[in-house]
Amino acid sequence: MTLASNFSGAFVPPARPVTGEDEIEAVVRVMRTGQVAAGPEVEAFENEFSQLLDGLHCVAVNSGTSALHLSVLALGVKPGDEVIMPSFSFAATANSVAIVGAVPVFVDIERDSFNIDPAAIEAAITAKTVAIMPVHLYGHPAAMGPIMEIARKHGLKVIEDSAQAVGASLNGKAISTFGDAACISLYPTKNIHSIEGGIVVTPDAEVARQVRLLRNQGMEERYKNEVIGLNNRLSSVHAAVGRVQLAKLAGWTKQRQENARYFDAHLRGVGVPPVAEGAEHVYHQYTIRVTEEVEGGRDGLADRLKERGIGTGMYYPIPIHRLPSFQRPDIASRVAGELPETEKAAREALSLPVMPTLAQDELERIVAGVNAL
Ligand SMILES: *Cc1c(COP(=O)(O)O)cnc(C)c1O
């Protein structure tokens, strides 16, 4: 990486996961107990998460992708069943459905929130539709009011992909407490992490029990396997890291929101991310729109920021329905209607560093870099 000499300061990465002394001490503490696989540490982590989410059932698993996969299985999604979701997301959203032989049905997003468009959902429903999978992209809540109404009207399950939205809320109600299941990711670049990890959140005790079975070879009691399951357990070491981070979530969220407000007030010439009424955005990403009118477009701006030592992220330059993995003839998926906003977002979305550890001079350098258009 070469930095233009007239711009000083170290490279600002697009994300800066925190793995501090508290996390290291927690790992050592659990390692010294000798109980490193699943155990009371994981249960404590689940209980602490549950307190944050209206007391709903929380089941810890080894990744956000596992959380999605096991939710799909626990809710009884079968081969050939259709699940409606946005194409503008991380591949894991659709992978969790395709991997069980069910059919991801891709619909368009709303321009402002980058999230699934409720009107497009209704138009995509067929006799085979069993579920809707909204994604709270970038930490901005999807339109859960209309989505839940459509689900109730048509008897569909709702699985929230909350991978990016831990701590977010809509009209005072926590994100991840709307659907039949919700899936949180604890990957290092997410708002909090457990190195790797995920949480399934559900209001339904039986769904929670099924996820517990599925994560542990189908067993609640050893060698009394009730269903075909996997090993998707979270270790106590991972849970210990997650507990430390969970205690810091509120403060980090506030810092992300303050960073976002600074950008909102100071950025010029690009579209800053609007926040829907009643939505609490937790800014997993602070994503601007860079139209073709800007010289070189989005990619040109990203290059110029890189020259100034500022990292950015493109989430996601290729919508899921156009990924090679979803072009294969043996993988069933479907695009419902046209996806103009999805295609536009894939060309125009650029995420700026917004992590809570950004220093004031880094914030200023980011603004100066964008505004030097
Ligand atoms: C990160 C992410 C996932 C997957 O989570 P992992 O913990 O990486 O498996 C799923 N969906 C979305 C939208 C994500 O951003």
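Which element gives the most to the shell around the ligand? To reach the answer in this predicted model, it helps to begin with the protein as a whole and then to move towards the ligand.

The secondary structure of the protein comes to 11 helices and 13 strands. With a radius of gyration of 21 Å, close to the 21 Å that the globule rule gives for 373 residues, the protein is as compact as a globular protein of that length, and it is the agreement of these values that supports the description. The C-alpha trace, followed along its principal axes, spans about 65 × 55 × 40 Å.

Within this protein, the space taken by the ligand is the largest pocket. The elements that give two or more residues to the shell around the ligand are α3, which runs over residues 64-74, and α4, which runs over residues 91-98. Of the elements, it is α3 that gives the most to this shell, with three residues, and that settles the opening question.

The ligand is surrounded by 17 residues, and the closest of them are G64, T65, Q164, S185 and K190. Sorted by character, the residues of the shell divide into seven nonpolar, eight polar and two charged.

Three of the contacts with oxygen atoms of the ligand can be followed one by one in the structure above. At G64 the partner belongs to the backbone, since a polar backbone atom of this residue is 2.8 Å from an oxygen atom of the ligand. At T65 the side chain takes part, with one of its N or O atoms 2.5 Å from an oxygen atom of the ligand. Q164 also contributes through its side chain, where a polar atom lies 2.8 Å from an oxygen atom of the ligand. On its own the ligand has 380 Å² of accessible area, and the protein covers 93% of this.

Two details of the backbone remain to be pointed out. The peptide bond from Y315 to Y316 is cis, with omega near 10°, and Y316 has its place in the loop between α9 (297-307) and β12 (334-335). D54, although it is not a glycine, has a positive phi of about 55°, and this residue lies in the loop between α2 (40-52) and β1 (57-61).

Notes: Residues are numbered from 1 along each chain as its sequence is written. This is a predicted model: local features need pLDDT of at least 70, side-chain atom pairs count only at pLDDT 80 or more; totals for chains, interfaces and linings use all residues. Side-chain values use heavy atoms; hydrogens and water are left out. A residue is near a molecule or strand if one of its heavy atoms lies within 4 Å of it. A polar contact is a pair of N or O atoms within 3.5 Å; within protein, one must be able to donate a hydrogen and the other to accept it, and residues adjacent in sequence count only if both atoms are side-chain atoms. Accessible areas come from the Shrake-Rupley method with a 1.4 Å probe; for residues, only the protein chains shown count as cover. On a 1 Å grid over the protein atoms alone, a cavity is a set of points where a 1.4 Å probe fits but cannot get out, and a pocket is an open set with protein on both sides within 12 Å along at least five of seven lines; lining residues have an atom within 4 Å of a point. A molecule sits in a cavity or pocket if more than half of its atoms lie within 2 Å of its grid points. Helices (H or I, at least four residues) and strands (E, at least two) are DSSP runs, numbered from the N terminus. Ala, Val, Leu, Ile, Met, Phe, Trp, Tyr, Cys and Pro count as nonpolar, Asp, Glu, Lys and Arg as charged, and the others, Gly among them, as polar. The radius of gyration is taken over C-alpha atoms; the globule rule is 2.2 Å times the number of residues to the power 0.38.
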